[in-house]
Amino acid sequence: MEIFNFSLNSSRPQWIADRPFICLIFILFMLSPMLSAAQGYIEGVNISYEHIPMKIDSSAGNQKFTGNNLKVSATIPIFLKADKSRYLIVGGNLEAFNFSGTHPDFEVKRVYSISPTFGYSTMLSKSFNLTALLTPTMNSDYKDVKSSDIKFGAIVRGSWKASEKITWKAILGYRRQFYGPQYVVLVGMDWKVNDKWQIFGDVPHNLTASYAINQKMNTGFNLFVQNSTYRLNNMDRYFEYNTVNPGLFLERYVSSKWAVRATAAYTLIRNMEIYNKNDKADGFVDFYELGDRKDPINPEVSPGLSFKIGLSYRIFPGRK
């Protein structure tokens with residue numbers, strides 16, 4: 001049952017279509033650079049820009065083109081107790097994914113995502129935290145926005161601080177995608193191995209092994225997985241982006257709280273697939289597909305390198 005229904009028959013305003021990145025940056029500065037849950041540290045704001053060279057091998061000749069993905073996220077806690085043991089979470093994530101070049105066998109030009117976040121976090125004991133998040137998303141090419149573009153998801157996360165050096169996490173969640181249901185099952189950790197090494201992440205979604213070169217520079221390994229779908233205006237098809245990116249990073253703190261990170265990755269899985277609206281899967285567990293779905297209507301996009309640059313505002317608990 002739909003709570004509301006709206007449809008914009010015309011495309012979004014032209015200045016938004018021509019300048020999506022500028023719009024996202026403007027919205028970023030409307031968000032307070034406060035706290036956002038992250039592994040290994042508390043992250044208030046994150047801006048990342050990813051450049052993805054791509055190729056389609058076809059009988060008519062190779063098609064080479066590029067993808068450029070801009071993401072912005074920020075979160076604000078609203079504390080309910082003076083000791084900060086209970087708080088509400090309000091934030092959002094924005095994405096603009098643009099494809100340039102000549103790619104007649106790949107019809108996607110631009111897709112966007114807006115995903116507000118609402119949640120509640122509480123300390124059930126001195127060592128155990130429970131957090132619940134509601135994450136509605138609106139993913140499409142934004143050429144004709146509909147209420148059916150909005151998909152809801154929710155996760156519950158438990159964190160147990162086993163010692164001063166290691167915290168364990170378990171995450172369960174559910175997301176509605178255009179292909180059907182997605183079930184989220186993650187096991188996380190935040191482990192300070194020694195003064196140089198730290199390992200943190202929520203497997204299999206992300207994992208980082210960080211080595212401190214000095215007080216201002218870190219390097220290491222990063223694994224990132226994304227599974228997203230976006231409705232396309234053309235015949236209500238949908239675009240699925242399913243990727244597994246292991247890579248190496250180098251980061252430098254430009255101040256005590258602001259860090260710049262550069263990452264070079266090689267995509268092990270790069271499913272950039274277009275489906276008709278009735279082509280459904282039985283579901284996904286994280287990025288693993290269940291059941292037999294019809295083949296996508298576009299040729300396979302070859303795996304390859306990707307390059308990302310990011311800027312983040314970080315807060316380290318206990319550090320002044």
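In this predicted model, Ser121 stands opposite Thr131 in strand 5. That pair is a good place to start, as Ser121 and Thr131 belong to a larger pattern of pairing: strand 4 and strand 5 (residues 128-134) run antiparallel and are held in register by six bridges. The link between strand 4 and strand 5 is a hairpin of four residues.

Strand 4 has other partners too. With strand 3, strand 4 pairs in the antiparallel sense over 13 bridges; one example is Asn93, whose bridge partner in strand 4 is Ser115. Strand 4 also pairs with strand 6 (residues 137-140), again antiparallel, through three bridges. Here Tyr112 is found opposite Ser140 of strand 6.

Strands 3 and 4 also come up when the surface is examined. Ile78, Leu80, Leu88, Val90, Phe118, Tyr120, Leu134 and Phe152 form a nonpolar patch there, and together these residues have about 680 Å² of accessible area. Strand 3 (86-101) and strand 4 (110-123) each contribute at least two residues to the patch. One member, Val90, sits in strand 3. Val90 counts as partly exposed because its relative accessibility is 35%, a value between the 20% and 50% limits of that class.

It helps to step back and look at the whole chain. The protein chain contains two helices and 19 strands. Of its 320 residues, 45% are buried. Its accessible surface comes to about 17100 Å², and carbon and sulfur atoms account for 61% of that area. Among contacts with a separation of 6 or more, 56% involve residues 24 or more positions apart.

How confident is the predictor along the chain? The average pLDDT is 85, and 84% of the residues score at least 70. Among the elements, strand 15 (residues 258-266) has the highest mean pLDDT, 97, while helix 2 (residues 20-28) has the lowest, 39. Over residues 1-40 the pLDDT stays under 50, and the model has 76 contacts beyond four places in sequence for this stretch.

Further along the chain, another run of hairpins can be followed. Strand 10 (residues 180-192) pairs with strand 11 (residues 197-203) in the antiparallel sense over six bridges, and strands 10 and 11 form a hairpin with four residues between them. In this pairing Trp191 stands opposite Ile199 of strand 11. Strand 11 then runs antiparallel to strand 12 (residues 206-212), and six bridges join strand 11 to strand 12. The hairpin from strand 11 to strand 12 passes through two residues. Gly201 has Leu207 as its bridge partner in strand 12.

Charged side chains add another kind of link. Side chains of opposite charge can pair when their charged atoms come close. A search of the whole structure finds 11 salt bridges. In one of them, Arg237 meets Glu107, with the closest N and O atoms 2.9 Å apart. This pair links distant parts of the chain: Arg237 lies in the loop between strand 13 (217-231) and strand 14 (238-253), Glu107 lies in the loop between strand 3 and strand 4, and 130 residues separate them. Arg237 is buried, because its relative accessible area is 15%, whereas Glu107 counts as partly exposed because its relative accessibility is 29%.

A second salt bridge joins the side chains of Asp236 and Lys146 at 3.5 Å, N to O. Asp236 is in the loop between strand 13 and strand 14, and Lys146 is in the loop between strand 6 and strand 7 (150-151), so this pair, 90 residues apart, also links distant parts of the chain. Asp236 has 23% relative accessibility and therefore counts as partly exposed; Lys146 is partly exposed as well, with 24%. Asp236 and Lys146 belong to a network of salt bridges that also includes Asp149 and Arg231.

A third salt bridge is formed by Glu251 and Arg314, with the closest N and O atoms 3.1 Å apart. Glu251 is in strand 14 and Arg314 is in strand 19, 63 residues apart. Both Glu251 and Arg314 are buried.

Strand 19 (residues 305-315) also contains Leu305. The C-alpha atoms of Leu305 and Ala265 are separated by 5.6 Å, although their positions lie 40 residues apart along the chain. Leaving aside residues up to four places away in sequence, Leu305 touches Ile52, Pro53, Ala265, Tyr266 and Arg270. Leu305 counts as partly exposed because its relative accessibility is 46%.

Definitions and conventions. Residues numbered from 1 in each chain as written. Predicted model: local features only at pLDDT ≥ 70, side-chain atom pairs only at ≥ 80, totals over all residues. Heavy atoms only, no water. Patch = residues over 30% accessible without salt bridge, like charges linked within 9 Å, V, L, I, M, F, W, Y side chains within 5 Å. Areas by Shrake-Rupley, 256 points an atom, 1.4 Å probe, with all protein chains shown as cover. Salt bridge = Lys/Arg side-chain N within 4 Å of Asp/Glu carboxyl O. Buried < 20%, exposed > 50% of the residue type's maximum accessible area, 1.4 Å probe, protein only. pLDDT = per-residue confidence, 0-100. Contact = heavy atoms within 4.5 Å. Pairing = 2+ DSSP bridges.
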